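User: Could you take a close look at the salt bridges in this model for me? I am new to this, so please walk me through a few of them step by step.

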Amino acid sequence: KGAKKGAGAAAGGGGSKDQSQKGGKDQAAVALPSAGDVEAFLKAVDDELEYTGSGDTTLLSALSSHFMHFAHQEHKDALKQNLKADAETRRVLLESLSRSVTKRAQELSAYRRSLSRLLPLAAEGSEGSEGEGEEEEERKVQRDAKTQMERHLVRSVGLTQVDEILKVSALQAFNIGQDLGDEVNDLTKTVRALTDKERLVLAKALPKDIATEAANLVSTIQKKNFPDAVAMLEDCFSDFCGKRVPKMDKKLEHKVLREYQQELLASLNSNAALTSTIAIAVPLLLAKKKDLMVNLPGKLLGFAITQLEGAVDEAEYETLCELHKKTVSYIQKSSRKGTDAHQVAELEVELGTLSASVTSKVSAMILPAGP
């Protein structure tokens, strides 16, 4: 009985510690144990077996032949268990990614609606239309801001959406028995953002009926304007994954905006970086005070703060402006060589005080009042 367990260990990993630690994917590629494998294990248990017996047949070879069946069977059973475990892991990951893609698609739709409300003049007239005085100047400012925000959305939110659509497509292929390779299997489990090269590898490895379209998505998405990028992502989600994004209505938009506020509020109160406070507080206030959902590049924070004038108290508005000013100053001075360390330390203290004040005030505006 003990020898049977030993032979099984030789099959399942007892004779090779490294193999036993690699996981289902690697073990699935291991061939059935040979007679030599079983003999090596038995010899390690008792090296005298090699010299015991009569004639041409040693006790070692006889035992190896007897236990070969058990070794093969245990090896096959282990592979089945590993495959089941991998399938369950992929199923859970697929469900999670599918929900994430749907949620992000809804957010992209909400961002698009908010941009048109935040920057109404940007959509008015044509590029060559002439205006007068301050209105035309404001139109130019809004158009420039809209261009920057849309580009930022494509590169930040849009590319994440591409990554997850590709992963969902690959996992669906694995689940119906298509082997896309170990590299693709590893990429589907990657939590970080994929590189351009990795996206292309993943896209080209997908089933033939969608691989070309997937490669085109990866190659062109960053060249698209924001509305076209959103439409392309929705089409690919439908074509690759067989899923459609629910149509955005007032009720769904309100739900997305509320969840967005809660996520930003959690980030604000768990934020450890002083320089991030203003970047979280401004979008949160725009969501609360103006029902707007924005994703801002750092250079547009100043512009976004001006959109809060009149929506918050004058003192709170001035505090936001001051926090933004000191944040920019701190980033510049702390990264510049030769800056007086004492001056940077003093600025950091001031920034910490302002940051704590803004965090407290903004949180009070978002959280419901107590009884």
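Analyst: Let's start with Glu-350, which is partly exposed at a relative accessible area of 36%. In this predicted model, the side chain of Glu-350 meets that of Lys-326 in a salt bridge, with 2.8 Å from N to O. These partners come from distant parts of the chain: Lys-326 sits in helix α14 (residues 314-335) and Glu-350 in helix α15 (residues 341-366), 24 residues apart. Is Lys-326 buried or exposed? Lys-326 counts as buried because its relative accessible area is 18%, and the cut-off for buried is under 20%.

Now for another link between helices. Lys-103 and Glu-263 also join their side chains in a salt bridge, again given as 2.8 Å, N to O. This pair ties together distant parts of the chain, with Lys-103 in helix α5 and Glu-263 in helix α11 (residues 250-270), 160 residues apart. Lys-103 is partly exposed, at 30% relative accessible area, and Glu-263 is partly exposed too, at 39%.

A pair within one helix comes next. Glu-88 forms a salt bridge with Arg-91, and their closest N and O atoms are 2.7 Å apart. Why are they about one helical turn apart? Because Glu-88 and Arg-91 are three residues apart in helix α5 (residues 59-118), about one helical turn separates them. Glu-88 is partly exposed, at 39% relative accessibility, and Arg-91 is partly exposed as well, at 36%.

To put these examples in context, a search of the whole structure finds 16 salt bridges.

Methods
Residues are numbered from 1 along each chain as its sequence is written. This is a predicted model: local features need pLDDT of at least 70, side-chain atom pairs count only at pLDDT 80 or more; totals for chains, interfaces and linings use all residues. Side-chain values use heavy atoms; hydrogens and water are left out. A salt bridge is a side-chain nitrogen of Lys or Arg within 4 Å of a carboxyl oxygen of Asp or Glu. Helices (H or I, at least four residues) and strands (E, at least two) are DSSP runs, numbered from the N terminus. Buried means under 20% relative accessible area, exposed over 50%, partly exposed in between (1.4 Å probe, protein chains only).
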